[in-house]
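Please walk through the two ligand sites of this structure, taking them one after the other and keeping the atomic contacts in view.

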Amino acid sequence: MKKPVTVAITGTAGNIGYAIAFRIASGGLFGPEQPVNLHLIEIEPALGALEGVVMELHDCAFPTLNNVVATADLDSGFADADYVFLIGSRPRSKGMERQDLLLANGSIFKPQGAAINRSASKDVRVLVVGNPANTNALIALHNAPNLAPTQVSSMMRLDHNRAINKLSRRLNVQPNVIKNMTVWGNHSTTQFPDLQHCTVDGKPSAELVDQDWYRGEYIYKIQHRGAQIIEARGASSAASAASAAIDHMRNWALGTEASSWVSMGVMTDGSYYDVGKDLIFSFPVHCKDHSFEIVADLSLDDYSMGMIRASEKELIKERDMVLDLLR
Ligand code: NAD
Ligand code: LMR
């Protein structure tokens, strides 16, 4: 058997946490040959419910589950973690925008960033899911000065998967023939699902879809899919979010297909697509061996650049709201 990897997950008594823990424990992230230690982190009042999750994990008798720790102590939870999922935080309810959560949730990510900095493996990879995910990731990264900016990212994969799903249904094709989808910007209603470089069975998708449908219904529906699910379920997406988080971390750790890319929220340094520095912004990224590279120099028309600018502007506004949480 290989040496176990340690995966820390916050908010594991919550909806996404409950969905993701069992998939990771059963080999759904790293496969059947890779044992995992799970470090489950909750707030004190949820430790009773978390104990129930631990019992169920043990009762599954997964051969890939090596050890489980359940704790409210951040340093014990992040101790030697190789992979961290920062999920624990409040979800929005009907009528709220994700940005409305910033004041409630932002302060969670400062001590968590600091504890990861102190206690996690020095090569840790951190994925922020809790909303508003991009700016929470910025807070975590600012508070983890020993980490390289490339060690923290935010989840845009749910939007990416939604964009693939909607296109595949429109064209009546399997999702896996759709390549090089990009969702740019913020995980919010300013996100830009971009079909310009996307291919379907090797053909440019722009040739297959009607531009009015694309710029009208398609983009709007992807931007508002989270709210549509809250309206229908009375609760925010959970199983699809857990699935997207696994897709994100698997690609980051094990790589994307050769010459293809996925969408990830990553730290900006000002050198890609005129997006200013010090934001967590979603770009097309190619991943290999625990690292990623932003796909550079894609041609973008004025419409696309306008959409990217709007999302950048919103992220700057979010950053301005949390300046006191950035060290
Ligand atoms: P939930 O309310 O079901 O569960 C949240 C859990 O987090 C609870 O068990 C709570 O006790 C725990 N928690 C709260 N503060 C914590 C802290 N400081 N440390 C550890 N745990 C803490 O919510 P959910 O449906 O699981 O959603 C979690 C977050 O994920 C929300 O912010 C939601 O908006 C976000 N989300 C993001 C995406 C995305 O695409 N980025 C998708 C879906 C949901
Ligand atoms: C989603 O996109 O489903 C999540 O971010 C939850 C939400 O608030 O929309």
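Which atom of ligand 2 is 2.8 Å from an N or O atom in the side chain of N131? In this predicted model, it is an oxygen atom of ligand 2 that stands at 2.8 Å from an N or O atom in the N131 side chain. Two further side chains come into play, since an oxygen atom of ligand 2 is also 2.8 Å from an N or O atom in the side chain of R98, and an oxygen atom of ligand 2 is 2.7 Å from an N or O atom in the side chain of S237. Of the 260 Å² of accessible area that ligand 2 has on its own, the protein covers 95%.

The surroundings of ligand 2 consist of R92, R98, N131, L158, R162, H187, G226, I230, S236 and S237. Sorted by class, this shell holds two nonpolar, five polar and three charged residues. The elements that contribute two or more residues to the shell are α6 (157-171) and α8 (225-233), while at the level of domains, domain 1 (5-154) and domain 2 (157-321) each supply at least three residues to the shell around ligand 2. The space that ligand 2 takes up is the largest pocket.

Ligand 1 is the second site to consider, and the space taken by ligand 1 is likewise assigned to the largest pocket. Around ligand 1 there are 27 residues, of which N15, E42, R90, V129 and N131 come nearest; N131 is therefore a useful residue to keep in sight, given that residues count as surrounding a ligand when one of their heavy atoms lies within 4 Å of it, and N131 is named among those around ligand 2 as well.

The polar contacts of ligand 1 include some made through the backbone: a backbone N or O atom of G14 lies 3.2 Å from an oxygen atom of ligand 1, and a backbone N or O atom of I16 lies 3.0 Å from an oxygen atom of ligand 1. A side chain takes part too, with a polar side-chain atom of Q112 placed 3.4 Å from a nitrogen atom of ligand 1. Taken alone, ligand 1 exposes 870 Å², and the protein buries 87% of that area.

Two elements, α1 (15-25) and α4 (102-119), give two or more residues to the shell around ligand 1, and α4 gives the most, with three residues. By class, the shell comprises 13 nonpolar, 12 polar and two charged residues, and at least three of its residues come from each of domain 1 (5-154) and domain 2 (157-321).

Note on methods: Residues are numbered from 1 along each chain as its sequence is written. Chains are lettered from A and ligands numbered from 1 in the order in which they are written. This is a predicted model: local features need pLDDT of at least 70, side-chain atom pairs count only at pLDDT 80 or more; totals for chains, interfaces and linings use all residues. Side-chain values use heavy atoms; hydrogens and water are left out. A polar contact is a pair of N or O atoms within 3.5 Å; within protein, one must be able to donate a hydrogen and the other to accept it, and residues adjacent in sequence count only if both atoms are side-chain atoms. Accessible areas come from the Shrake-Rupley method with a 1.4 Å probe; for residues, only the protein chains shown count as cover. On a 1 Å grid over the protein atoms alone, a cavity is a set of points where a 1.4 Å probe fits but cannot get out, and a pocket is an open set with protein on both sides within 12 Å along at least five of seven lines; lining residues have an atom within 4 Å of a point. A molecule sits in a cavity or pocket if more than half of its atoms lie within 2 Å of its grid points. Helices (H or I, at least four residues) and strands (E, at least two) are DSSP runs, numbered from the N terminus. Ala, Val, Leu, Ile, Met, Phe, Trp, Tyr, Cys and Pro count as nonpolar, Asp, Glu, Lys and Arg as charged, and the others, Gly among them, as polar. Domain bounds come from an automatic or database domain assignment.
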